[in-house]
Amino acid sequence: MIVCQSHQQFEVFGDEFYVGASGNDSNTCQYSNQCSTLSANALRVTIDSATEYTVYVMDQTILSSLFSISSTLPSPRTFTNNPLKGTTQSEIKIINDGQFDISGNSHIEHIKFIMQGYSSYQFGGAIIVQLNESSRTLEIISCSFIGCNADTSGGALYLQIINQAEITLRNITLDHCEAQYNGGAIYTTLESGGKLTISGLCLFTYCKTLSNYEQGGGGIYVSINGENNQLIFEDCATFERCSAFDGGGMYMNILNNGKLTMNGSCSFIDCESTDSGGGFYINASDSNYDINLLGSMQFERCTGKNGGGLFFSSEQVGQITINVMQFSNCKSQDYGGGLYTNITSGAQMTIIGITTFYNCHSTGDKEGYGGGQYLETRNGDSIIRITGELEYNKCEAFYGGGLYADIRDNAIVEINKLSFTDCLSKQNGGGIYTWIGSEGQFTISGTALFLNCNSSTSGGGIYLETNDGTVSFNPTEQILIENCNSTELGGGIYCSIINNGQISLNSIKLNKCNSQKEGGGIYASIINGGGQLILDKSCQFDRCKSYENGGGIYATINFTTQCKFITKDAYIHDCKALNSTNTSLRYSESGFGGGIFLTGLGDYDPSSKLIDLRGMKIYNNSADKYGQSLYVAMPKVVEWCKYGILGEFVKGNYSDTYSDENELLGIPKNLIDFYYSCTQEQIQQQQQPLEHWWRILGILKSAQVIVNISNPNGKLIIQIEGKRMFQGYLSVKIFELRDKTQEEIDQDQKQMNNKYYKNSFKSLISNSSQFTITPKIETDNQKQIFINSYLQIEKKLWNNANEIIYPPEDGSSSPISIEGEIESDQKATFGMNEYKWLNYKEKQYGVLISNDRNIFTGKDGIDIEEDANVAVLLEVIIAEEEKGKRKGLPIGIIVGIAVGAFAVVVVIIIIIIIALFISNKKSKKVVRSYGHEIGMRRSKRLEREHLEQCGK
């Protein structure tokens, strides 16, 4: 068809017709002989037979009866506006029984359909379309539908698209359209490969369905049934002030492998539903669907009973992918002020973009779950993954001000990143409320922020309840919960853990969180069947406060049912447990446990190692009553403290040496007795610093030091014997008892000299003809203790001028080596290279031992402060020569020994000479003169030989 314009004249080829207000239905409907309405006979003769067929509505016309189009020809039947008026729409007024019934190819463009009065048709107030062949198409472009209505469904358009037929709606406007049940403006069914594309700028205003008991879709109702069906949204669609029972703006029901694709942008403004999905309702009721909401959706001021903005339900296996969603000022009465999500039976949803909730509410008269979002998922293989980001700002609900999540029956929810700011719950969970049961899993894997969130009951930031479910906060960046508050329990987090439920919190910081009752940072109730709470990877509690007990953490545990509470890595500092201003409370109900308050019921078995605070780090916490950093009320607290090595499962970084005993206190009472039976006086009498229960005082029996300054590794070897000495904990104090008396010094020197003389004289007797001066040789025949490294004694080794404590605190030395069991006889050994401090010639030294470097004990394990005489004397041993070698002596001593020996020999010889002389004299009287001469000669010879010998 070709239209040529020349001097206001048209030359037309093909079947072309003109209608207008100035025409007459008895005319031929040509340009110069126009008809008035679409009831003109000339328009209907060739509608299905003409090769090309076009009707021009020059300004306005009327449709008062059924106009059927069933052409099988490929060329569409076209209805358009005056070609001289560009894009200005021409009007078709629908009155009485007017309606288009289309089953053939058609094209409608730049037409405004205005319905006057009520339609007598059940389906499709303006147009009913049934396309059921692959070659069938319909295009409605740049058209408007005003005030259209139908008795049942499809107030303006009723579209059935089957067997690969296609319909395109582009740049259409529908205003004040309505139907009784489904599709206030448009009703669509897609089957067997049907395709509907909605593109351009499409606007739905004040469209609605009237029924109050089923389905809806105030703007659009779409049913996608079967494989390969496609509903495609492109560009921008806006639904404003539309309403229905379900799906105030749009309702979609997806069945049997249906496919939905939405690109571009969809906006829902001031839409409402009586029941669910104030803006948009999506129901995937059969399996193997594929829903891709890849553009963006905005919901503003939408309301509904459930899902004020968007309601999404799937009870079958399928895939859902959502990109960007924004919810602003949306409200629901029951569930999900902005978004309601119900995913079950193996459905998998992924949100890849940013979803934001601003000022959304779910606040009915008595309940309301998820001010921003309600999320429910259950049954095996159901998964919701948020790989993008969730943001909740100023949202409010009874439960879960921002988000309420119900996860059970092996379902999984994984969230990469989320934030809650200024959210509020009137009951529990100011930011988020989660219920995880029957092996469900809830994980935060990226990061999270909870800022200024509050609850009127428990869990100012987070409320976690798990019944055989798993919660894991294992972020790549720190999770921050800051300035969150509750009027009762758990200013930052409330945890309820039962029946093997598990909560693992990693890399989480609670800053300035407060509770009016227990647990300023965290309140944890682990009460049944193997529940567990684990804090790890730099968890931090900073300036949290409780106006009852447990400034940082309050934990109540059923000790008899294998419940677990472990702090692998948690830093609790500047937290406070304050006295409550509530004068009706008992003494025990406030002011205990500035950092942690730990209590429960039943008898705990310490060997189970289920309560483990080894990773607890505490600093500068305070309690108005007792337990600055930890207060424990449990029947087996004494046994727990004694288990392991020196309170290792109890004390964290508490230092037995430097920490204040008031940091860690406890009482052997269960929760009920402590709170309801104990008076102030009983508590004060029966509580103890926990250190008193784990402390083990060493027993020292003997101590000696072996001095060998020639040894390159350990010039001093100290050996002590005793009991109850702990490897890695033992410290030894050596101190000056007093100066030695001169008598003691002389006695020591005499004993030393005698020792040297004895050894030297033995040598001389065995070698009486030789007196060799041996050079000084320093050796050691003692059994050597191997020292791994060269020990440097730092200044920190010295406690004061008169004592030394080993090992030094700076970690520069090896620990003391201990042999033997703790309650049996033990021997401890260590070596020092620094020896000049040991003035054993003039000083007497005492020795004490300690397992905490604080209380030093000696004999019988008695504290030196209780009895000054318990110190054990240090025995000093000077290392002897090795076998086959002589110990070098000073030259003076050697010379003295030689001269003395020589004198002894001379004396012996003189005695012999005198004895011989006397004997000879007696014999003179009987010897003749010759004999006398011979005797004299013998005497002179002997004397000469003696002198010669002395001369040598």
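**Second largest cavity**

I looked up which strand gives the most to the lining of the second largest cavity, and found strand 33, with five residues. The model I am reading is a predicted one. I listed the residues that line this cavity: Met262, Asn263, Gly264, Ser265, Cys266, Leu293, Leu294, Gly295, Ser296, Met297, Asn323 and Val324. I then noted the elements that supply two or more residues each, namely strand 30 (265–269), strand 33 (289–300) and strand 36 (318–328). By class I get six nonpolar residues, six polar and no charged. For the volume I wrote down about 50 Å³.

**Largest cavity**

I went on to the largest cavity, whose volume is about 60 Å³. Its lining consists of Leu646, Asp656, Arg695, Ile696, Leu697, Gly698, Ser850, Asn851, Asp852 and Ile855. How many charged residues does the lining of the largest cavity have? I find three charged, beside four nonpolar and three polar. The charged ones are of interest to me after the second largest cavity, where the lining has no charged residues. How many cavities of 30 Å³ or more are there? The count is three.

**Cysteines**

I checked the cysteines next and found that the structure holds one disulfide. Its partners are Cys29 and Cys35, with the sulfur atoms 1.7 Å apart. I recorded -95° about the S-S bond, so the link is left-handed by its sign. Are Cys29 and Cys35 buried or exposed? Cys29 is buried, with a relative accessible area of 0%, and Cys35 also counts as buried, at 0% relative accessibility.

I then turned to Cys544, which is in no disulfide. The nearest cysteine sulfur to Cys544 is that of Cys575, and I have it 4.6 Å away. A disulfide needs the two sulfur atoms within 2.5 Å, so I do not list Cys544 with Cys575 as a pair. Cys544 is buried, its relative accessible area being 0%. I also looked up Cys563 and found 3% relative accessibility, so Cys563 counts as buried.

**Ser588**

I picked out Ser588 and asked where it is found. Ser588 sits in the loop between strand 67 (576–577) and strand 68 (596–601). Is Ser588 buried or exposed? I find Ser588 buried, with a relative accessible area of 1%. Leaving aside the neighbours within four places in sequence, I listed the residues in contact with Ser588 as Asn549, Phe674, Tyr675 and Ile683.

**Whole protein**

I closed the session with the totals. The secondary structure comes to eight helices and 83 strands. The protein has 952 residues, and 52% of them count as buried. For the surface I noted about 40300 Å² exposed, with carbon and sulfur atoms supplying 46% of that area. I also looked at contacts in the protein with a separation of 6 or more. Residues 24 or more positions apart account for 81% of these contacts.

Terms used: Residues numbered from 1 in each chain as written. Predicted model: local features only at pLDDT ≥ 70, side-chain atom pairs only at ≥ 80, totals over all residues. Heavy atoms only, no water. Helix = DSSP H or I, 4+ residues; strand = E, 2+ residues; numbered from the N terminus. Buried < 20%, exposed > 50% of the residue type's maximum accessible area, 1.4 Å probe, protein only. Contact = heavy atoms within 4.5 Å. Areas by Shrake-Rupley, 256 points an atom, 1.4 Å probe, with all protein chains shown as cover. 1 Å grid on protein atoms, 1.4 Å probe; cavity = no way out; pocket = protein on both sides within 12 Å on 5 of 7 lines; lining within 4 Å. Points joined across faces, edges and corners; volume = space filled by probe spheres on them. Nonpolar A, V, L, I, M, F, W, Y, C, P; charged D, E, K, R; others polar.
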